[in-house]
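Here is a set of questions and answers for someone meeting this structure for the first time. Each answer sets a value beside the rule that gives it its name.

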Amino acid sequence: MHFLLFESAQAASQKAYELIQEAKFQGAQTFGLATGGTPEQLYAILRSSDIDFSDSYAINLDEYIGLDPTHPQSYAQYMQKNLFSTKPFKATYIPNGSNPDVAAETAAYEKIIEDHPIDLQILGIGTNGHIGFNEPGTPFDSKTSLVDLTASTIQANKRYFESEEEVPTQAYSMGIGTILKAKKIILLAFGSSKAQTIADLFSGNITIDNPASALHHHHDVSILLDPEAALYIKDKLKN
Ligand code: GLP
């Protein structure tokens, strides 16, 4: 696992963009994509670039349960707005949060990923170490499933909704085991709210209480940080 410190979130996002370009140049076809505030600058860079995804597949990590793909706070809408409407892909996949048939939805999503193995996975991280929506306690071999969101995640994500009551309490999320199958993983973490979870990750302590620590089991992970997220580990980084 490589921890890379940048002078700003913008500089780290630029690096993520360059890694995507490099992967594409080397033949990557399928990109695992994340939502949240963290990748917004990366998506802005992609939108204004000349990168062409028309032969690529996009597979998103997660979606809120109960939100129709047309709901403004759905991750489906987030992806349309931030990337897909400007940069069309050959096909894009996001779990359907309005499908009540959990077994069918999760099995279908695993099949999509099996058919299109992810070459490069972009990740953010929750303040409690979640990746996708895999909350603390999730087994590291988990597959795509229906997950209950923790109170801290609901708190953290309420800023995107009019009120806390509107934040869904469940989501469909790619599993940790599914994420670990990606060939290459880039995790972005920005801002002081991520400093403690990044310090925990850096410590090398592998525990299901910190879902991101599963990434220590993967051979090709880059963690791109801004100075605030790197607050507690800055002195220990060489770059
Ligand atoms: C959300 C998403 C994650 C994201 C994380 C951080 O709940 N499910 O994929 O990485 O929480 O969000 P943000 O980037 O807004 O801090």
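The turns below go through ring pairs, burial, helix packing and contacts.

Q: What kind of model is this, and how are its residues numbered?
A: This is a predicted model, in which local features need pLDDT of at least 70 and side-chain atom pairs count only at pLDDT 80 or more, while totals for chains, interfaces and linings use all residues. Residues are numbered from 1 along each chain as its sequence is written, and side-chain values use heavy atoms, with hydrogens and water left out.

Q: What makes Phe3 and Phe202 an aromatic pair, and why is the pair called edge-to-face?
A: Rings of Phe, Tyr and Trp (its six-membered ring) pair if their centres lie within 6.5 Å, and planes under 30 degrees apart count as stacked, over 60 as edge-to-face and the rest as tilted. The structure holds 10 aromatic pairs. In the pair of Phe3 and Phe202 the centres are 4.9 Å apart and the planes stand at 80 degrees, so the pair is edge-to-face.

Q: Which parts of the chain does this pair link?
A: The pair links distant parts of the chain, with Phe3 in strand β1 (residues 2–5) and Phe202 in helix α7 (residues 195–202), 199 residues apart. Helices (H or I, at least four residues) and strands (E, at least two) are DSSP runs, numbered from the N terminus.

Q: How do you know whether Phe3 and Phe202 are buried or exposed?
A: Buried means under 20% relative accessible area, exposed over 50%, and partly exposed in between (1.4 Å probe, protein chains only). Phe3 has a relative accessibility of 11% and therefore counts as buried, whereas Phe202, with a relative accessible area of 25%, is partly exposed.

Q: Why is the pair of Phe84 and Phe89 called edge-to-face?
A: The ring centres of Phe84 and Phe89 are 5.4 Å apart and their planes are at 75 degrees, so this pair is edge-to-face. Both Phe84 and Phe89 are buried.

Q: Which residues form one aromatic cluster?
A: The cluster is formed by Tyr43, Tyr64, Tyr75, Tyr78, Phe133 and Phe161.

Q: Why is α1 called oblique to α2?
A: Axes are lines fitted to C-alpha atoms, for helices over the stretch in contact, and angles run from 0 to 180 degrees between N-to-C directions. Angles under 35 degrees count as roughly parallel, over 145 as roughly antiparallel, 65 to 115 as roughly perpendicular and the rest as oblique. Helix α1 (residues 9–25) and helix α2 (residues 40–48) pack at an angle of about 55 degrees, with their axes 8 Å apart. That angle makes α1 oblique to α2.

Q: Which residues of α1 and α2 meet, and how do they divide by class?
A: Contact means heavy atoms within 4.5 Å, and Ala9, Gln10, Ser13, Gln14, Ala16, Tyr17 and Ile20 in α1 meet Gln41, Leu42, Ile45 and Leu46 in α2. By class, this contact of α1 with α2 has seven nonpolar, four polar and no charged residues, where Ala, Val, Leu, Ile, Met, Phe, Trp, Tyr, Cys and Pro count as nonpolar, Asp, Glu, Lys and Arg as charged, and the others, Gly among them, as polar.

Q: What makes α2 and α3 oblique to each other?
A: α2 and helix α3 (residues 75–84) pack at an angle of about 45 degrees, with their axes 9 Å apart, and they are therefore oblique to each other. Glu40, Tyr43, Leu46 and Arg47 in α2 meet Tyr78, Met79, Lys81, Asn82 and Leu83 in α3. The residues of this contact divide into five nonpolar, one polar and three charged.

Q: Why does His116 count as buried, and why does Pro117 count as partly exposed?
A: His116 lies in the loop between α4 and β6, and its relative accessibility is 17%, so His116 counts as buried. Pro117 has its place in the loop between α4 (102–115) and β6 (120–123), and at 48% relative accessibility Pro117 counts as partly exposed.

Q: How do you know that Ala171 and Ser222 are buried?
A: Ala171, in strand β8 (residues 170–173), has 0% relative accessibility and therefore counts as buried. Ser222 is found in strand β10, and at 8% relative accessibility Ser222 counts as buried.
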